[in-house]
Amino acid sequence: MAIQWGIAGAGKISNDFVNALKVCPDGHHNVVAVAAASSLVRAQKFADEHNIPIACGSYELLAINPTIEIVYVSSLNPQHFENTKLFLEHGKAVLCEKPLCLNFSQAEELIMLAKKKNLFLMEGLWSRSFPVYKELVEHLKKGTIGKVLFVEAQMGRKLDVERLKLKQLGGGTVLDLGVYVLQLAVLVFGHKYISVQALGHLNEEGVDDSMSCIITYPEHGIAVLSTHTKAELPNSAFIVGTLGTIKV
């Protein structure tokens, strides 16, 4: 039986997500409804473009729809917490675009709520679903490159987007691009770290345009990570072990 989806947000990212669902095998996924917090007109336009049966002018209407099993949340970063909490409280599983939240306490609250209600909750870091990551994990498990001691990763693009420049919109390169390099370090070394040293530059609004950091881990692990929204970085990663190196 197909998974019944609700879409919270009618912007470009939601458009990309719904198009991606369409290439999945028939009968696996079905989009039941879409909601736009700004206006019903916008939701209806999105619904018409994708042949979605129901358009909602509020996320509350999406949350109370009994047919929906899981909601894809693609609202602006500062709204992720309240939107995801709303759907979890109404018994919906949630796939929320990255970043899941703006801080640790918000994320912890959502995780605890999902566990309490026995609901699926996932942050939408799409790179974790790429075939190359599956292959990377297999090599790490097999010890192909020996004991991993060093990770270097960069993610940078020239992005002139308003939501990235303003603090009230949850802007900044760390939350937008930095999550990709940080998640790689977590994948390789785990969550336990010894120290973090970070430097960067802020724009006139006090939002980070760039960030570089060094994270040290137990057993001599080191990650050197960089992210930027004003420069095109190599957008590559090196995982270095005692027996070899993997480039991503």
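Start by selecting Glu-109 and Lys-85: their side chains form a salt bridge, with the closest N and O atoms 2.9 Å apart. Keep in mind as you click around that this is a predicted model. The pair ties together distant parts of the chain, since Glu-109 belongs to helix H5 (residues 104-117) and Lys-85 to helix H4, 24 residues apart. Turn on a surface and you'll find Glu-109 partly exposed, at a relative accessible area of 37%. Lys-85 is partly exposed too, with 25%.

Stay in helix H4, which covers residues 80-89, and select His-80. Is His-80 buried or exposed? It counts as buried because its relative accessible area is 0%, under the 20% cut-off. Show its side chain and look for the backbone oxygen of Pro-99, which it reaches at 2.6 Å. To see what else surrounds His-80, display its contacts, among them Val-73, Ser-75, Cys-96 and Leu-100. Lys-98 is also on that contact list, and it's a good handle for the next stop.

**Across the domains**

Colour residues 3-124 as domain 1 and 129-247 as domain 2. Their centres, taken over C-alpha atoms, are 27 Å apart. At the interface, seven residues of domain 1 are in contact with eight residues of domain 2. About 640 Å² is buried between the two domains, and carbon and sulfur atoms give 61% of that. Now highlight Leu-76, Asn-77 and Lys-98: together they supply 58% of the area that domain 1 buries against domain 2, more than any other three residues.

How many salt bridges are there between domain 1 and domain 2? The count is one. Select Lys-98 with Asp-176 to see a salt bridge in which the closest N and O atoms are 3.5 Å apart. As for polar contacts across the interface, two residue pairs turn up, both at pLDDT 80 or more.

**More charged pairs**

The count for salt bridges comes to six. Select Lys-165 and Asp-160 for another of these pairings, where the closest N and O atoms are 2.3 Å apart. Lys-165 is partly exposed at 35% relative accessibility, whereas Asp-160 is exposed at 66%. Add Arg-163 to your selection along with Lys-98 and Asp-176, as salt bridges with shared partners join these three into one network.

Next, pick Glu-219 and Lys-147, whose side chains meet in a salt bridge at 2.8 Å, N to O. This one spans 72 residues of sequence: Glu-219 sits in the loop between E9 and strand E10 (221-228), and Lys-147 in the loop between helix H6 (131-142) and strand E7 (148-156). Glu-219 is exposed, at 56%, while Lys-147 is partly exposed, at 38%.

**Last stop: an acid without a partner**

Go to strand E9 (residues 208-217) and select Asp-208. Which side chain of opposite charge is nearest to Asp-208? That's Lys-167, 8.4 Å away. Asp-208 is buried and has no salt bridge. A salt bridge needs the nitrogen within 4 Å of a carboxyl oxygen, so Lys-167 doesn't qualify.

Show backbone atoms here to see what the side chain does reach. The backbone nitrogen of Thr-173 is at 3.0 Å, and the backbone nitrogen of Val-174 lies 2.9 Å from a polar atom of the Asp-208 side chain. Finish by displaying other residues that Asp-208 touches, including Gly-171, Gly-172, His-201 and Leu-202.

Key. Residues are numbered from 1 along each chain as its sequence is written. This is a predicted model: local features need pLDDT of at least 70, side-chain atom pairs count only at pLDDT 80 or more; totals for chains, interfaces and linings use all residues. Side-chain values use heavy atoms; hydrogens and water are left out. Helices (H or I, at least four residues) and strands (E, at least two) are DSSP runs, numbered from the N terminus. Buried means under 20% relative accessible area, exposed over 50%, partly exposed in between (1.4 Å probe, protein chains only). Lys and Arg count as positive and Asp and Glu as negative; His and the chain ends are not counted. A polar contact is a pair of N or O atoms within 3.5 Å; within protein, one must be able to donate a hydrogen and the other to accept it, and residues adjacent in sequence count only if both atoms are side-chain atoms. Contact means heavy atoms within 4.5 Å. Domain bounds come from an automatic or database domain assignment. Buried area is the accessible area (1.4 Å probe) that two parts lose on being put together, summed over both. Lists of a residue's contacts leave out its neighbours within four places in sequence.
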